Amino acid sequence: MRDWVKNPNSRAYVSKLMANRLVSSSTLLNLRPFVRAFNSSPSSITTDVSPLNFGEKPDDNTPIFPTSAAAAAAATTSSTIDLGDAKALFSSMPTAKLLRSSANLHLAALEPMVDFGMWMMKSRLMETAGLRGIMLGTIRHTFFEHFCAGRDAEEAGRTARRIWESTGMRAMFNYALEHTTDNPTSDRNLEGFIGTVEASKPLPPSSVSFAIAKITAICSIDLLKRVSDLLRWQYRNPSFHLPWKHNCFPIFADSSPFYHTLERPDPLTPEEEEDLQLALQRLFKLCHNCLEANLPLLVDAEYTSVQPAIDYLTYAAAIEYNKDKNNPIVYGTIQAYLKDSMDRLFLAAQAADKMGVPIGFKLVRGAYMCSETQLASSLGYDSPVHNSIQETHACYNGCASFLLDRIANGSGTVVLATHNIESGKLLATKARELGISKDDHKVQFAQLYGMSESLSFALKNAGFQVSKYMAYGPIEKVLPYLLRRAEENRGLLSSSSLDRLLMRKELKRRVKAAVLGGDS
């Protein structure tokens, strides 16, 4: 095995990339931090939809985005994507939609309002029928409409069709589901995921890029923790036998955190083995439906306490269903804010190549920084998360460069999920330099629906495949998702001035054109 794969910090591979001018050191080290840390409990997994980006406090005195239209235009010089032309960026967005989006982003940027809204949603005042109705109605016509695709599959389908026909961007459908606690709930959740696949069938071909699934919705958190403990123990003690284990790609690297499992865990009980088999059967059934619909399935990531079990189930499904070299059905997720992410990515890709199994990944920064750090600290261990945002950026771009190199050589697929402007520009340029066709579905960019619109439009206008991660469901079910969007992205929403800047610029241009005539 190559030395850079064994290296716990994978610095050698980053150096290798820079030495070959694949990623410049100045770009890797100077990418701008852009969001602020959020609070979450390390002792439980909240109901949420896994986010696409990394939360951390920006460096002091460091500009997040250009602070003027001129600076925004200057920042795009010599770039593959153009973020300076507001008219071109928002040409497909009707004025009413542009006005609502601008207003919602400005509201979301007011931290006291976000704090008050979160307090209200979690308070006992929501148990008052009249007040609850008023609050839910307000949320529905503001943040829900901005960040969510609809209340059901039919509304989500209409949103996806509208986005596709007006912009050419695709939908990643995610039905907001509660974490499961038992098998009947897991079975109902499976039907919800299958309904997502069915909702894509009447839509225009290629308008939906992925169905999203959360393993925590079809297998209980407690069982996932138990399986993760056993998998960790087996990695450290290869003679430890797991009779239920299916063939899968490597889940760990030597640099992975193992402090969750300090003592030899008890074997699964017969009931637990049966529940695990039922969970795998649910995942396989969902994969089969995706295969029949020719719709890839993207499995979201979670906390490190349960991620080994999630990777195990995902990789087992990938080996079973990824038969088409050019169109893998099952995608896993790599969280680049984890120190072992680069090592695990290399090892999984290497094993997949050796087995002749095509593999797809969604690459994200990550979202559970505070809880991961707090748990590790409470046990007397270093955080599994990189020590700085710059290291996370370097890891993200290094992993992305590795995956783009593989694709240029005819292996694998990737969804580059990022709200970071510098990463978007860097990776779009690298894809161009590698000769990867912009319309090649093996490389896709993705942003959350309602966020980073400038980046999404700029990438799409440059010819790349772009998807929007669309959560949908009854507002009561999606409420946890909205709370997470507000909580984990409060820094991004308050400091990501580029969208608001360019939207204001385009609104002013349209008002001026309407008043004075012509195309001002």
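This briefing covers the nonpolar cores, one helix and one surface patch of the structure above. The model is predicted, so local features need pLDDT of at least 70 and side-chain atom pairs count only at pLDDT 80 or more, while totals for chains, interfaces and linings use all residues. Residues are numbered from 1 along each chain as its sequence is written, and side-chain values use heavy atoms, with hydrogens and water left out.

**Nonpolar cores**
- The largest nonpolar core (buried Ala, Val, Leu, Ile, Met, Phe, Trp, Tyr and Cys residues joined through side-chain atoms within 4.5 Å) has 114 residues, where buried means under 20% relative accessible area, exposed over 50% and partly exposed in between, with a 1.4 Å probe and protein chains only.
- Its largest share, 10 residues, comes from helix α13 (residues 307-321), helices being DSSP runs of H or I with at least four residues, numbered from the N terminus.
- Another core, of 13 residues, lies apart from it and includes F210, Y331, V364 and Y469.

**Helix α14**
- The 15 residues of helix α14 (residues 341-355) should span 21 Å at 1.5 Å a residue, and the end C-alpha atoms are 21 Å apart, which agrees; the expected span is 1.5 Å times one less than the number of residues.
- Because 11 of the 15 residues of α14 are buried, the helix is largely enclosed by the rest of the structure.
- After α14 comes G356, whose phi is positive, near 75°.

**Around L125**
- L125 sits in the loop between α7 (111-122) and α8 (129-147), and L125 is partly exposed, with a relative accessible area of 35%.

Notes:
Helix = DSSP H or I, 4+ residues; strand = E, 2+ residues; numbered from the N terminus.
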